[in-house]
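Visitor: Please give me a close look at the side-chain packing here. I am new to this one, so keep it brisk.

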Amino acid sequence: MGFTKVTSKVVLAEVRPGAEVLARRGAMLATTGQIAFSPVVGGPGGGAYGGGIASALARGVQGEAVPLMVAEGDGTVHYGFRGHHVTVVDLDGSQPMSVEADRLLAHDANLSSSVVFLGQQGGLRGAVRGAVTGQGLFTTQLSGRGTVAVLSHGGTFALPVGGSRQVVVDPQAYVAHVGNLRLDVATAVSWRDAVGRGSGEGVQLKVSGEGTVYVQASEEKL
């Protein structure tokens with residue numbers, strides 16, 4: 001079960017009764033076997049996939065709707081989206097994963113999910129993070145045992161975080177993180193930035209705690 005990378009931009013998901021897959025609408029490329037797709041309906045009482053992440057993402061926040069489809073049946077589904085690179089992350093149930101909503105390609109439906117507003121994570125810190133990343137003001141948290149596929153420009157690399165070592169990430173390059181990590185916005189704006197002669201690194205994310213942060217090989221947004 002789980003996801004298998006076919007190419008750097010395509011993953012293969014196995015679907016079985018009781019092992020459904022949630023993915024963003026428009027991500028299905030091909031199927032084998034007997035697979036049925038249905039849209040996730042937002043709001044409480046919207047069906048087995050109507051609450052939590054399904055509800056919030058289906059409605060959208062700040063005009064950023066990320067419609068979801070559930071794949072059910074017995075077979076396989078190839079997923080990809082607009083030629084973006086795909087990173088597959090296996091969760092063992094011990095640590096949660098946080099991922100920007102529009103970076104999420106697909107995940108096992110059995111994973112517990114919730115939408116956390118960044119402002120609630122740290123007031124101004126969270127709101128600024130949403131603004132500088134350009135990914136919106138909410139993030140998706142997934143927990144449990146299962147597989148997640150996320151999107152990026154140019155692929156990602158996993159950077160371990162822990163101990164006293166300082167880790168700093170460009171906000172535009174941030175994709176997701178696993179573990180109990182804190183992301184704080186740091187600014188270093190000088191007069192050179194104000195007149196357009198700075199390094200372009202005036203806003204940074206300082207990452208602390210214990211876990212892993214996934215960084216894409218580009219500052220380009222999805």
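Guide: Start with the rings: the count of aromatic pairs is zero (Phe, Tyr or six-membered Trp rings with centres within 6.5 Å; planes under 30 degrees apart are stacked, over 60 edge-to-face, the rest tilted). This is a predicted model, where local features need pLDDT of at least 70, side-chain atom pairs need 80 or more, and totals for chains, interfaces and linings use all residues. Numbering runs from 1 along each chain, and side-chain values use heavy atoms, without hydrogens or water.

One ring does meet a charge. The charged end of Arg24 sits over the ring of Phe81, 4.1 Å from its centre (Lys NZ or Arg CZ within 6 Å of the centre and 35 degrees of the normal).

Now the cores. The largest nonpolar core (buried Ala, Val, Leu, Ile, Met, Phe, Trp, Tyr and Cys joined through side-chain atoms within 4.5 Å) holds 17 residues. Val21, Tyr79, Leu105 and Ala106 have the most contacts inside it. Two or more residues each come from β2 (10–15), β3 (21–24), β5 (68–79), β8 (104–108) and β11 (145–152) (strands are DSSP E runs of at least two residues). A separate second core has 13 residues, including Val89, Leu91, Val178 and Tyr214.

Next, a loop. Gly18 lies between β2 and β3. Gly18 is exposed, at 65% relative accessible area (exposed is over 50%, buried under 20%, partly exposed in between, with a 1.4 Å probe and protein chains only). Glu72 is 54 residues from Gly18 in sequence, yet their C-alpha atoms are 8.4 Å apart.

Last, Arg103, in the loop between β7 (97–100) and β8. Arg103 is buried but has no salt bridge (Lys or Arg side-chain nitrogen within 4 Å of an Asp or Glu carboxyl oxygen). Asp102, the nearest side chain of opposite charge, is 4.7 Å away (Lys and Arg count as positive, Asp and Glu as negative; His and chain ends are not counted).

Definitions and conventions. Helices (H or I, at least four residues) and strands (E, at least two) are DSSP runs, numbered from the N terminus.
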